[in-house]
Each structure stands twice: as C-alpha cells, then as structure tokens.
Amino acid sequence: MQLFHYHLVSSKVRLLEARYLGKLGFELLGRYGWRGEASEWFEAGTSWEELDALGFRLRLVELSRGAVNVVLQPGHWEHPRIDHIGIALDDDGYTEALERAADLGLKIQDHPGKRTFIATEAGYRLEVHPPREWIDELLTRSDELRLGELHLRAQDPEDKAIALAEILGVDRLDSDVLIGDTLLRFQDGGPEGRPELVAEVLL
C-alpha cells in the first residue's frame, strides 16, 4: 500500500505549478484543457503566454517527481485544497477496500481499467488502484523520491482520519493515519469540507 498521488484545487494554479517546478524540482508532464470545443494537452516547453495566445482553457496540470504524482486543478480556493488522494494497493487490498466501502454504504465510482473513486463522506475522495503497470513503473522510482508525510488542515481532523482508516483498514492515532510508508496528518483549524494542504515532506 502506498500513497503516490494527490489532486489539489486552487485559484492560483500557475503560482502553485511554479512552486512544484522551481522549489520542489518536479517535472511538468502536461497541461490539459481545451481550445474552443476541442480537448488538447501540451507538454513542457510551451509557455503560459503561448497558451494564453492560443486561447487555451486549463483543466488540469500534471507533475511528477520520483514516486510522487501531483495534479493541479483550477478552482475557487486561493489556498489549495485536496480533492482526492491516490492509493496503490495489491489485489487483495484493493478488493478489501471496496468491500469495506460498500459495507459503509459509500459511493463507489469505477472506471474499469483506469481508476476507482470512493467518496469518503468526509469532504474528500480516495482514488484506489490494484496493481497497474504505469503505477508499478512510478513506484520503482521511490529510491529517487517518495512522499514521507502529507499534512492537511481541516475543521474536523479526527473525522477525516477515521474515514480514511476505515476504508483502508489501517491503524489510526488520533488524526494521524499511516498509509504504507507515508504519514497522513490531519490538523485542526482548517475549512469545512475539502481539507487544505499545509505541507509535504518529500524524502
């Protein structure tokens, strides 16, 4: 089990992207969006000025470094909030997570062969994956860099942690949840609904 991905929503995507590229050394995998009615994506090398001139409307930015994948999405909040976190599981762990979610009466959205979302009913979602070739390739880069800790701020941190621990079947200490080698810490003083990003510890 490994937390390898998180999806952030912010009104300041360009500044957030610059932080990951400049300060944290991530690689830009692509910017996805639309020109007119057509969906398009652009790899690194095309500037924001060029995209603006093309009339490009952003949907997502995808970045990666080592065994960590981050997606940025335009939204209403200046401070980035978590939409979902991505968890890689073995076959048994994946099946058991879905069974626990079903027993809890949670909504499950399955896109066969691509991704499965579980609504935690605690303001954020889980994206759970059985073994997949592209994830295995990503996780082999854990010697380069991995996510050691992810700190999120919420109005109800313990409820956020309980929801996560129940679905994944992992231990919880107050509002801390250990997912594989990654500590996910929910802190008090945040907003209602989607938790805010406070900090990442990259190892």
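Two strands are taken to pair if DSSP finds at least two bridges between them. The exercises below apply this to a predicted model.

**Exercise 1.** Determine in which sense S8 runs relative to S7 and to S9, and which residues face each other across the bridges.

*Solution.* Begin with strand S7 (residues 108–111), which pairs with S8 in the antiparallel sense over 4 bridges, and note that histidine 111 stands opposite arginine 115 in S8. The hairpin of S7 and S8 has 3 residues between the strands, and glycine 113 takes a positive phi near 80° there. Then turn to S8 and S9, which run antiparallel and are joined by 4 bridges; the bridge partner of isoleucine 118 is leucine 126 in S9. In this hairpin, with 5 residues between the strands, glutamate 121 takes a positive phi near 65°.

**Exercise 2.** Classify the ring pair of phenylalanine 42 and phenylalanine 56, and locate both residues in the chain.

*Solution.* The structure holds 5 aromatic pairs. In the pair considered here, the ring centres of phenylalanine 42 and phenylalanine 56 are 5.3 Å apart and the planes stand at 85°, so the pair is edge-to-face, given that planes over 60 degrees apart count as such. Phenylalanine 42 belongs to strand S3 (residues 38–42) and phenylalanine 56 to strand S4 (residues 56–65), 14 residues apart, whereby the pair links distant parts of the chain. Both phenylalanine 42 and phenylalanine 56 are buried.

**Exercise 3.** Identify which arginine lies over the face of phenylalanine 117, and at what distance from the ring centre.

*Solution.* The residue is arginine 125, at 4.2 Å from the ring centre of phenylalanine 117.

Definitions and conventions
Residues are numbered from 1 along each chain as its sequence is written. This is a predicted model: local features need pLDDT of at least 70, side-chain atom pairs count only at pLDDT 80 or more; totals for chains, interfaces and linings use all residues. Side-chain values use heavy atoms; hydrogens and water are left out. Rings of Phe, Tyr and Trp (its six-membered ring) pair if their centres lie within 6.5 Å; planes under 30 degrees apart count as stacked, over 60 as edge-to-face and the rest as tilted. Helices (H or I, at least four residues) and strands (E, at least two) are DSSP runs, numbered from the N terminus. Buried means under 20% relative accessible area, exposed over 50%, partly exposed in between (1.4 Å probe, protein chains only). A charge sits over a ring if NZ of Lys or CZ of Arg is within 6 Å of the ring centre and within 35 degrees of the ring normal.
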